Amino acid sequence: MALREASNHKPERFFVENRPISKFFGQNVLDLEKLRGYVSQQAYEAVLSAVKFGAQLDRSVANEIASGMKAWAIEMGATHYTHLFQPLTDSTAEKHEAFVTVKEGKAFEKFNGSALVQQEPDASSFPNGGLRNTFEARGYSAWDPSSPVFILDGTLCIPSVFVSYTGEALDTKVPNLKSMQALSDAATAVAKLFDENVKSVRVNLGIEQEYFLVDEALFNARPDLVLCNRTVIGHTSAKDQQLEDHYFGAIPLKVSAFMKDFETEAYKLGIQLQTRHNEVAPNQFECAPVFCDAITAIDQNMMLMILMQKVAEKHHLKVLFHEKPFDGVNGSGKHCNWSICTDTGVNLLSPGKTPTKNLQFLSFFSAVVNAVYQHHYLLMAGISNLSNSYRLGGHEAPPAVMSVFAGSTLSNIFKAIENMQDLPVEEAGLESIKIVNSIPEIFPDNTDRNRTSPFAFTGNRFEFRAVGSSINVASAIYILNTAVAESLVKFRADVDALIAKGEEKSVAIMETVHKFTHESRDIMFEGNGYSREWQEESKKRGLRAVENVPDSYEVYHEDKTVKLFTGTGVLNKNEIEARYEVLNETYVKKLQIEARVIGDICLNHVLPAAVKYQNILIENVKGVKEIFGEEYKELCHSEFSTLKKISSYINDITRDVEALVEARKKANRIPDIAERAKVYSRSVKSYMDKVRYSADHLEMLVDDEMWPLPKYRELLFF
C-alpha cells in the first residue's frame, strides 16, 4: 500500500518565481537598509551600533523600532510575532503572539518595545540541567539585534537569546555570543602586532548541510523513522553506494523540484545558497550557502532546516537530518568552514605573498592548532551525541579522535619552524630562506583535502568535519571559539614577555610560533584517519578518542575545561554543570526511545510476520507429506532449514527483547543521570544490537510480500 502511494507522488513545483533571484532575494528579511525607511535616524543608528559594534540597545528607542518592525511586518502580511530562540535541544523554539488587540470593541494591531526586547517562555519545560526547578518556571527570551528579523509563514520571527530568571544561559546562542566576543578581544590583540588599525575580529562560518530524503508514504510506514528519525532495524540493500554512481550524479526530478522550491524560499529569507548535489549514499543530498558571520550563518542554518521540512511536506517527502538513518551507507554531517577576519577585511587564516603577511598567518594558524591540541577531547565530546556516534569512524565520516590536517607544504614549513631550520622554497623562486627572520610565500590552495580529518585546513579556513548533521552547530562552535580565544591570549602574552626581554618583535613572534608549533605537533597528521595504524599511533601520541559518548562527557568536569570556560567568561560553573547534565539526559532519553521502538517493532510487526510465514511453510510441509508420504523429508529439506532458522531467530528476539526491557528497568533505577547514561550506552545498547541482528536476518527469510515494513531498497531508491 505504501509503495503504491509512493509511486503516485510525481515531481511538482509549488514556489515558482519567474524572475531573477536578485529580484526577490531577502524580501522576507528586515535588513538595516529596509529598517531605515521605518524609523528615525536616531533609532536606525542605535540598531546599527548594536549590529556592527555590539553596543547595548537603549530601551528608549525600542518602542520606535518595534513600531517600524510592526509596520513592515503587516505590510508583508504577518499577523503574529515570536521570539525565536535556541534551547538546549539542538532545535529552535517559538511562541507566537498575535499583533491584534481589542479595546472597547475595536480591534487594532499593537507591538511595543517591551514585547520586542523581551518575552517570558516557560524555562522549566526546556532542558536546563538543574538551573531551573519544576516550580521555578520563569525564563526570558531577549532580542538579539545582531541577527535580522524575518517573516516565515505569516509570523514576524525575532532571533533571540534565552536565559534563566537568574541570568544564566539556557540556550546555545548566549555562550556562542560570549565566545565570539572573547575570540574577538584575543584575536584583535594579536592582530595589532601586525596592524594597529584593527579594532575587532569576527568569526566567519560556512555550513554545508547533508540530508536524506524519503518518500512520505514509506516514512509513515516505518515507526522507527517516525519516532527516531532512523531505522532501528533493516537489512542492507543488495545495491547501495558501492558503485559510487549516486555522488554528483544527475539529480532526480522529484528531488530537483523540492530543491528548487526550498531554495526559492531560502533566498527570500536572505540565505545565499550556492550549491546543491547528490551525496555519496543513495537518496542523500547536500546544500551549502556562501559563508557569512557565524551568528547569521547558524541562525540561517536553523531556519533552513525548518524550511526544508515544511517544503518537503508539499512534495510528499520527508527530510532526515539524522546522522545515520540507514545502517551500512554513509551518514550525514554538517561541515563547518571556520575562519576569522578583521574589521579591516583581512582573513587571518589566509596565507599572503609577503613575509609580514605570512608571519601573521603562521601566528594565527599555530594558535588555532595549539587550541585544538590542548582541547582536542573536549572538541570531540562537544560533537558527540547518540546520533553522531553511529556515524563517526566509518563510511567517510571522520574518526572519533581529533587530528589536524595541514597539507604537505604547511607541514614542511612547520617542521622547519619546529627544528629552527632553513627551508628550501621552490615556489618562491628562492634557494633557501631562514625561517626565523623571514617567511616564504605560501599559496592558499597548494595542498589536497583530507576527508578523513576531523579538522582540516583547506587553504584559507579550517573545515570542522566531525559536526553532525542534525545539531545546532553553535554547541560545537562556541567550544572552538573559546579554545582559540584562550590560545591567542597566551600567544600575545608570550610575545610580550619576549619583547620585554629585549627581543625584536618579529623574532619574538617567530619564537612564539615555534613554541606553539612544538607543543601541538602531536595533533598534526597527514595520513589516512581511518587506518588501523593511525588508531595505534594516536594513542602513542596521547590523543584521546571518543570510545563511549557518555564517558566523553566527563571532560566537562576536568579542571582544564572549567578553567577554559570560566577564565574566558563564556560559561560559569553552574552553566558547565547544566550542559553536562543535559548531554547525559538527552543521551538517555533518545536511546530509551530507540530501545522501546525496536522492542515494539519486533513484537508487533516482525514476529507476527515471521510466525505467519512459518505457518505457511508448515502447511506446505504437511501438504507435501500428504501427497508424497515419507519422501517429504527429502523434498522439504529447504523448508525444514528455513523453519529452523526462523524459529531460532524468533526465540532469540523474544529472549533479547525481554532482556532489553529488564536492562532498561535496571538502568532507570540509577538516580545519577551520568551513571544511567553509561549503563544505557553499554548494557541497553548491546541488547538492541542483538535484537537487530536477529530481525535483519528474519527480513531475508520471510516472504517479501508479508514483510510489514518498507525495506532499504525501497527507502533508498526513488
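Helices (H or I, at least four residues) and strands (E, at least two) are DSSP runs, numbered from the N terminus. This is a predicted model, in which local features need pLDDT of at least 70 and side-chain atom pairs count only at pLDDT 80 or more, while totals for chains, interfaces and linings use all residues. Residues are numbered from 1 along each chain as its sequence is written, and side-chain values use heavy atoms, with hydrogens and water left out.

**The second largest pocket**

A pocket here is an open set of points on a 1 Å grid over the protein atoms alone, with protein on both sides within 12 Å along at least five of seven lines; a 1.4 Å probe fits at the points, and lining residues have an atom within 4 Å of a point. Points are joined across faces, edges and corners, and the volume is the space filled by probe spheres set on them.

By that recipe, the second largest pocket holds about 1,300 Å³ of space. Its lining runs to 45 residues, and Thr 89, Asp 90, Ser 91, Ser 470 and Lys 590 sit nearest the centre. At least two lining residues come from each of α9, α11 (294-314), β15 (317-320), α13 (376-382), α14 (386-389), α16 (474-500) and α21 (573-628). Helix α21 gives the largest share, nine residues.

Helix α9 (residues 223-228) also holds Val 226. Together with Leu 227 and Ile 593, Val 226 makes a nonpolar surface patch of about 260 Å². Patch members have over 30% relative accessible area and no salt bridge; nonpolar side chains (Val, Leu, Ile, Met, Phe, Trp, Tyr) are joined within 5 Å, like charges within 9 Å. The areas come from the Shrake-Rupley method with a 1.4 Å probe, and for residues only the protein chains shown count as cover. Val 226 comes out as partly exposed at 41% relative accessible area, on a scale where buried means under 20%, exposed over 50%, and partly exposed in between (1.4 Å probe, protein chains only).

**Strands and sheets**

Two strands pair if DSSP finds at least two bridges between them. One open sheet has six strands in the order β14-β10-β16-β21-β20-β17, with mixed pairing. The edges are β14 (292-293) and β17 (404-405), each with a single partner strand, so one side of each has no neighbour in the sheet. Inside that order, β10 (residues 201-207) and β16 (residues 336-342) pair antiparallel over seven bridges, with Ile 207 opposite Cys 336.

Elsewhere, strand β7 (residues 139-143) is worth a look. Gly 139, Ser 141 and Trp 143 form its covered face, while Tyr 140 and Ala 142 form the uncovered one. In a regular strand the side chains alternate between the two faces of the sheet. β7 pairs antiparallel with β6 (residues 118-119) over two bridges and with β9 (residues 155-164) over five. Ala 142 is the bridge partner of Gln 118 and pairs with Val 161 in β9.

β4 (residues 100-103) and β5 (residues 106-109) are antiparallel too, joined by four bridges, with Val 100 partnered by Glu 109. Two residues separate the strands of this hairpin, where Glu 104 takes a positive phi near 55°.

**More positive phi values**

Most residues other than glycine have a negative phi, and most peptide bonds are trans. Glu 244 has a positive phi near 55°; Glu 244 lies in the loop between α9 and α10 (253-268) and is exposed at 64% relative accessible area. Asn 283 also has a positive phi, near 65°, in the loop between β12 (273-278) and β13 (284-289), but Asn 283 is buried at 3%.

**Salt bridges**

The structure holds 33 salt bridges, each a side-chain nitrogen of Lys or Arg within 4 Å of a carboxyl oxygen of Asp or Glu. Here are some of them:

| Pair | Closest N and O atoms |
|---|---|
| Glu 17 and Lys 268 | 3.1 Å |
| Asp 144 and Lys 173 | 2.7 Å |
| Glu 675 and Lys 678 | 3.6 Å |

Both Asp 144 and Lys 173 are buried. Glu 675 and Lys 678 are three residues apart in helix α24 (residues 673-699), so about one helical turn separates them. Glu 675 is partly exposed at 38%, whereas Lys 678 is buried at 13%. Salt bridges that share partners also join Glu 17, Arg 19, Glu 265 and Lys 268 into one network. Within that network, Glu 17 is partly exposed at 23% and Lys 268 is buried at 10%.
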